Amino acid sequence: MEVASPNTNQEKAGAFGKGWEQIKAMPKVVSNKVLAICRKSKEIAQDDPRKVIHSLKVGLAISLVSLFYYYQPLYENFGLSAMWAVMTVVVVFEYTVGATLGKGLNRTMATLVAGALGVGAHYLASLSGDTGEPILIGFFVFLQAAIASFIRFFPKVKTRYDYGMLIFILTFSLISVSGFRDDEVLEMAHKRLSTIFIGGSACVMISIFICPVWAGEEFHYSIAFKLETLGDFLEAFVREYFKTSKEGDSKDNKSFLEGYKSILNSKSSEESLANFARWEPGHGKFKFRHPWDQYLKIGALSRQCAYRMEALNEHLNSNTQGSPEIHDTIQELCSEMSLESSKALKELGSSVRTMSRKSSIDTHIANSKAAVKRLKLLLQSNLWKETDLLSLIPPVTVASLLIDIVDCTDEIADSVNVLASLTDFDSVDNTDKSPKTSQSPQSECDAEPGPKTDSPHVVILIEESSTSSDCGNSISDRPNRV
């Protein structure tokens, strides 16, 4: 007779004790999980109450189309096909109106075309007799599935009609194959199309008329927010970078310095919103054929600017900051470039958001370009001959990146001007009354006439030598008035 060793008994007792402790702690763990889910739900609802409304809209749509299954007279007309209406609501109803319209129209048109072709294929196959019918049906299914799958690789089809092509393949296959065993193929196709149309119509009507969320507006305001985020970064960078070079690392403005990261990977979301916006009818200031492609161009330029800001942020966190004397030399001009570009980007974001033209944008861009020109002259001077190259590289790299950002800001302004011309932005004159240091880009090489007054005034124009031979450039320093 074998006797269990004391060690074995202790191991069993220890395992049993651990299991009992876990069972005792389970209610507390479950309650903590439930509380965490409740807190997360509350956070999501407070962050965007429209998501709660969307959930209620989906529930309302499913409840309405379910009446076709519960209500006896409607059920007698549609039968089990009424479930297709419920399935349509589940797969079609999306957060935005454009996404719902896109899916609904894709599903309806694909079902209509595939149903008609499926009935036609069944009729042609039935003419070949009992032996040839399954062969022809199999050939038609293979042919349409192969062709439709290949068409899905077309870029434009992939972007806007991919879901419709999937429904086309599914519907054609179901109707043509099911018709081989069921003689009522025409009635089946009619019921399927009718229920899908009912479900899709319910989705579209509820999505449009009950607290609509327009993809076009989402896209519009997201582009404006990104431009303002870029402006916030430049403003925070100036304070942080030159403060770091003098006083050591600082933890201020971290939220602004991290904001650009959300722009780096925004291409897919922008393309999706633009695609959904094209399906939407005209609403508010957004017409049916609104130039959403121009928004995509602005978004692409914003990402290019954000990539340069990522490089600036790396220099901000680098241990090699270069010589403090060099920082002091270029600080004023770099700060001017950054702050003027920041103001221009914020004004551009505000201009897009309110769909209005602001004349101060040209002034800020002109000032930043003037600072770029003076910085280039400074870098080309003889001040750096006796400077250590290693101490010169970090600040000059930062200056070079800021120059690229100024050029990128100018390109963004041009794209916004094109958008303003296409959509007829309202004109808002918000030019500051203080003296400006640069001319409007439309008349850079022409002398600006002074205001007419009755009292005699003498105006002496003194042109700087550094800009006298550079009138053909995109910007030039305005003559000082005395």
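**A tour from isoleucine 412**

Select isoleucine 412: beyond its neighbours within four places in sequence, isoleucine 412 is in contact (heavy atoms within 4.5 Å) with Leu227, Ile298, Leu301, Ser302, Leu345 and Leu348. This is a predicted model, where local features need pLDDT of at least 70 and side-chain atom pairs count only at pLDDT 80 or more, while totals for chains, interfaces and linings use all residues. Residues are numbered from 1 along each chain as its sequence is written, and side-chain values use heavy atoms, with hydrogens and water left out.

Next, show the largest nonpolar core (buried Ala, Val, Leu, Ile, Met, Phe, Trp, Tyr and Cys residues joined through side-chain atoms within 4.5 Å; buried means under 20% relative accessible area, exposed over 50%, partly exposed in between, with a 1.4 Å probe and protein chains only). It has 59 residues, of which Phe237, Met309, Met337, Leu375, Leu402 and Ile412 touch the most other members. Helices supplying at least two residues each include helix 10 (215-247), helix 14 (292-316) and helix 17 (389-423); helices (H or I, at least four residues) and strands (E, at least two) are DSSP runs, numbered from the N terminus. Another core, of 24 residues, lies apart, with Ala110, Val141, Met165 and Ile169 among them.

Move to methionine 355, in the loop between helix 15 and strand 1 (356-358). Its phi is positive, about 55°, although methionine 355 is not a glycine. Methionine 355 is buried, at 6% relative accessible area.

Finish at aspartate 424, in the loop between helix 17 and strand 2 (426-428). This residue, other than glycine, also has a positive phi, near 60°. Aspartate 424 is exposed, at 56% relative accessible area.
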